[in-house]
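Here are my notes on this model, as numbered points. Please read them with the structure open.

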Amino acid sequence: MYQTVIYETPAPHVARLVLNRPDTRNAQDTRMLYELNQAFDRAAQDNDIKVIILAAAGPHFSSGHDLREQGALETMAEFQTVGTWCGFGCAGAEAQMAREKEIYIGFSERWRNIPKPTIAQVQGKCIAGGLMLIWPCDIIIAAEDASFWDNTVAMGVGGVEMFNHPWELGSRKAKEMLFTADWLSAKDAEKLGMVNHVVPPESLADFTLAMASRIAQKPLFALKLAKEAVNAAQDAQGRTSAMQTAFALHQLAHSHNMQVHGMMIDPSGLSPAIKR
Ligand code: ZN
């Protein structure tokens, strides 16, 4: 049914969505994000599914956005638009903002608000755009070899489009992660509260499925209400409006880079990013 995502039901009332572009380290092209969105919708709309696991094939969870995708804006026409912003063929900053509103912050926020518990199961590297797949999930289980990286400041942008860093790490560590573009280990991410549990790589899938199955024994409506209540607590602290400000600044950075460098990012940040 999908080319880039596998949809499984490994246990009663549990769906598992598996990113399946391991040859690219699960780089996110337009197709993968739309297919993942469809798979999330399918699990959300199936009354028999109570818990959704997001996993990834291969040694690494995700290398982020697929920077090698050609004609990304033109590709938008191949998929059914989900949000209300359109204009992917417009001139200037408008098309890029529309694309990022649809498939980056739009999808990430949409998945964050799915009214069923979601669990990210993370191994290996999870880079920049990869964070926008795991942060929307309610629970994050990481293998001991997992590590997390937002290198966007090095590329002339103030952070990934779903700017959840302060809510994941606290303000000081969020700034450190952004300013230094250092890797965050699974252990440190657990200490900061971004990750729920760190487990040996060989038990990652079993541990995650066991937790999903335990959660799936609870009444679904109560799970929905609990999730909605915690999300509301975060949003009452200003998360959503802070994120909209960060998204506007992110678009300013793309426009600035277009004027100064003729591309959406500052290319001086590319080489250290690739070397790592
Ligand atoms: Zn962007």
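1. Burial and overall form. Of the 276 residues of the protein, 51% count as buried. This is a predicted model. The radius of gyration is 18 Å, which agrees with the value near 19 Å for a compact globule of 276 residues. The C-alpha trace spans about 55 × 40 × 40 Å along its principal axes. The accessible surface comes to about 12700 Å², and carbon and sulfur atoms contribute 55% of that.

2. Fold content. The protein has twelve helices and nine strands. Among contacts with a separation of 6 or more, 71% are between residues 24 or more positions apart.

3. Confidence. The average pLDDT is 95, and 98% of the residues score at least 70. Strand 4 (residues 118-122) has the highest mean, at 99, and helix 12 (residues 270-275) the lowest, at 50. Over residues 272-276 the pLDDT falls below 50, and this stretch has six contacts in the model beyond near neighbours in sequence. Where pLDDT is low, predicted coordinates should not be read in detail.

4. The zinc site. Which residues hold the zinc ion? The donors come from Glu100, Glu161, His250 and His254, at 2.1 to 2.3 Å. Glu100 is listed with two OE donors, Glu161 with OE, and both histidines with NE2. The sequence spacing of the donor residues is E-x60-E-x88-H-x3-H. Glu161 lies in the loop between strand 7 (147-149) and helix 6 (165-169), while His254 sits in helix 11 (residues 239-261). The pair is 93 residues apart and links distant parts of the chain. Glu161 and His254 are both buried.

5. Helix 3. Glu100 is also one of the buried residues of helix 3 (residues 93-103). The others are Ala95, Gln96, Ala98, Arg99, Glu102 and Ile103. Their cover includes helix 1 (30-45), helix 2 (72-75), helix 4 (105-112) and helix 11.

6. Strand 6. Is strand 6 (residues 139-143) enclosed or open? Five of its five residues are buried, so strand 6 is largely enclosed by the rest of the structure. Ile139, Ile141 and Ala143 are buried on one side, and Ile140 and Ala142 on the other. In a regular strand the side chains alternate between the two faces of the sheet.

7. Partners of strand 6. Strand 4 and strand 6 run parallel, joined by four bridges. Ile119 has Ile139 as its bridge partner. Strand 9 (residues 197-199) also pairs with strand 6 in the parallel sense, over three bridges. Here Ile141 stands opposite His197.

8. The three-stranded sheet. This open sheet has the order 5-7-8, with mixed pairing. Strand 5 (125-127) and strand 8 (184-185) are the edge strands, each pairing on one side only. Strand 7 and strand 8 are antiparallel, with two bridges. Ser147 faces Ser185 in strand 8.

9. Val82. This residue is in the loop between helix 2 and helix 3. Is Val82 buried or partly exposed? Its relative accessibility is 34%, so Val82 counts as partly exposed. Beyond residues up to four places away in sequence, Val82 touches Tyr34, Asn37, Glu102, Phe107 and Arg110. Glu102 is among the buried residues of helix 3. Val82 and Gln38 are 44 residues apart in sequence, with 10.0 Å between their C-alpha atoms.

Definitions and conventions: Residues numbered from 1 in each chain as written. Predicted model: local features only at pLDDT ≥ 70, side-chain atom pairs only at ≥ 80, totals over all residues. Heavy atoms only, no water. pLDDT = per-residue confidence, 0-100. Contact = heavy atoms within 4.5 Å. Donors = N, O, S within 2.8 Å, 3.2 Å for Na, K, Ca; no water. Buried < 20%, exposed > 50% of the residue type's maximum accessible area, 1.4 Å probe, protein only. Pairing = 2+ DSSP bridges. Rg over C-alpha atoms; globule rule 2.2 N^0.38 Å. Areas by Shrake-Rupley, 256 points an atom, 1.4 Å probe, with all protein chains shown as cover.
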